[in-house]
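Dear colleague,

I am passing on the structure we spoke about, with the sequence alongside. My notes on helix packing and on the nonpolar cores follow below.

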Amino acid sequence: MKKPKSYKWQKNDGTGTMSRHLRSEHGLGPEGEEGSSGGGQAQLHGYASDMPGAGMPFVYNRDRMISELGRFIIADELPYSFGESVNYEYFNRVALQPQYRKVSRNTLKRRTQQSYYAYRGYLMEMFRTYDGRVSLTSDTWTSTYGEPFVCVTAHWIDNDWLLQKRIICFEAMEEAHNGFNIKSRIVSCCKNFHLVDKIFSISLDNATANTSAMQFLKEDPSIKLVLDEYGLRKKVIALDTPTRWNSTYKLLHDAIAYRDVLTDMYNESRATDGQFITNDHWSLAKIVHDVLETFDNATHIFSYVYEPNIHTVILECIKIICTIKQTSLANPGAAVKRLLDNMKVKWCAYFTEFPPIYAIAAILDPGVKLEGLTNLLTFYYQQLDVQFDVPYYVNNCKRILERLCEEYGAVIQPQPVGSSMGASRFGILGPVLKKSRPDGSGSSSSSSSSSSSNIGVGEYLTYQFETEENFHIIEWWKNRSSKFPVLARIAKDILAIPASTIASESAFSAGRRVLDEKRSRLSFESIEMC
């Protein structure tokens, strides 16, 4: 047996002697772990490099843990009782943090309420001081249990030129789903978030109650809209059937991939009556599939919520009508012609004339501008076989843009202009954009004589932009905000307008998951937070 050693402690001594003794005599490491050995200073475990507090030593904090657990439960749509799970407590104590103790549902609810109202207050203050415009989308929904809800989503481009969206209202409607009550909820939400004088546009679904609500909103003196309503059906283009056209495309896309299997199965089941699937049927399905593929592509573009899409609406609609026209010419069969004629009639019911906001957004695309818009619309109505006064429509949109410049120019001092962009990214529509007008004049020539209130419009419309790689319209206007201060501010507000109400629709999809059979007792206040 070794003779015990004595250790003398002095005032300036550290704990190194004790650590070395533990390692050499007892086989314990610096953290008391059996079998640990080796020299050097003990390493402090810190936060990961991509987390808040990177590089700092980790210190367990129960208060912070409860806040983050509440955030996790809300984000993953879990019940508050998750924090009371014995198994989750065991997992944390054994694998992650021995000091962890389970959290009651009341504590989690209280903490998430505190976080929710704190962030809600932050948004209210941010909107109160925000100097730009905000676009809104709204829709109504009835839950599985019959409770009606209204959702309002705000869209804007922040000072870093990033497209943002936030749900600012998700409330139960105890009153009837009529236009006046929907309008009242939207107005109340706008007042709460200091948005009554900052709304650029409001997008609603085309249900009868929403159409009535939009009329009430126009007549409400407390709401000051910069432009009148605009709209694009959230289902893009819909036949008078429960199935959307892009849903039909997905069905045909999958079916064509399995045509041999489906043909054999169907023909075997109908062997007695002689009604078989033939190659002619599949040829017709392929034609319809190719037509609807353009619709499906447009649906994806119109569904963007974190990328601008308002400026692409006219372009995508032209691609669709071109596909219908080209398919009709290439397939003179009666069945195809009848199908495409019906699609064209349905299309004309919605898109004979575009709301001006779509055209103004296209003008603000430096690859389109005024002359490109004129050429595109002329080509569009030629494909549609419809008589339309394109020059009058384009000039009216230009006048609206000039009025916007007068309003924005009153608070923004304009400066000179320059820089580049082209039309190569428009594919088959590139030659259409560059084509001269029928009268031989460029439609942008009339814009060179702009007044002092819209200085910069003439320079922007007449300047010849060169091609850029990886063009992004928000980035383009951000980089030229000092050269086009008035137009850049207008573009910032217009490009935040979504092309559909998909943002509110996605909120209702989350609502179906949150308000399920396991969480049917959630209060309306909790549903709004979740």
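Helix α12 (residues 356–363) packs against helix α13 (residues 369–384) in this predicted model, their axes lying 8 Å apart at an angle of about 130°. Because an angle of that size falls short of the cut-off for roughly antiparallel, which is over 145 degrees, α12 counts as oblique to α13. On the α12 side the contact is made by A359, A362 and I363, and on the α13 side by K369, L370 and L373; of these residues, 5 are nonpolar, none is polar and 1 is charged.

A second pair, α9 and helix α11 (residues 334–351), has axes 11 Å apart and an angle of about 20°, and these two helices are therefore roughly parallel to each other, with a crossing that is right-handed. From α9 the contact takes in L284, I287, V288, V291, L292 and F295, while α11 supplies V336, L339, L340, M343 and W347; the residues of this contact comprise 11 nonpolar, no polar and no charged.

As for the interior, the largest nonpolar core holds 78 residues, among which F354, W477 and I494 touch the most other members. The helix that gives the most to this core is α9 (residues 279–302), with 10 residues. Leaving aside residues up to four places away in sequence, I494 touches F200, I310, I357, I360, A361, L364 and L404. There is also a second, separate core of 26 residues, including W156, I182, C189 and A213.

With best wishes

Note on methods:
Residues are numbered from 1 along each chain as its sequence is written. This is a predicted model: local features need pLDDT of at least 70, side-chain atom pairs count only at pLDDT 80 or more; totals for chains, interfaces and linings use all residues. Side-chain values use heavy atoms; hydrogens and water are left out. A nonpolar core is a set of buried Ala, Val, Leu, Ile, Met, Phe, Trp, Tyr and Cys residues joined through side-chain atoms within 4.5 Å. Buried means under 20% relative accessible area, exposed over 50%, partly exposed in between (1.4 Å probe, protein chains only). Helices (H or I, at least four residues) and strands (E, at least two) are DSSP runs, numbered from the N terminus. Contact means heavy atoms within 4.5 Å. Axes are lines fitted to C-alpha atoms, for helices over the stretch in contact, and angles run from 0 to 180 degrees between N-to-C directions. Angles under 35 degrees count as roughly parallel, over 145 as roughly antiparallel, 65 to 115 as roughly perpendicular and the rest as oblique. A crossing is left-handed if the near helix is turned anticlockwise from the far one by less than a right angle, and right-handed if clockwise. Ala, Val, Leu, Ile, Met, Phe, Trp, Tyr, Cys and Pro count as nonpolar, Asp, Glu, Lys and Arg as charged, and the others, Gly among them, as polar.
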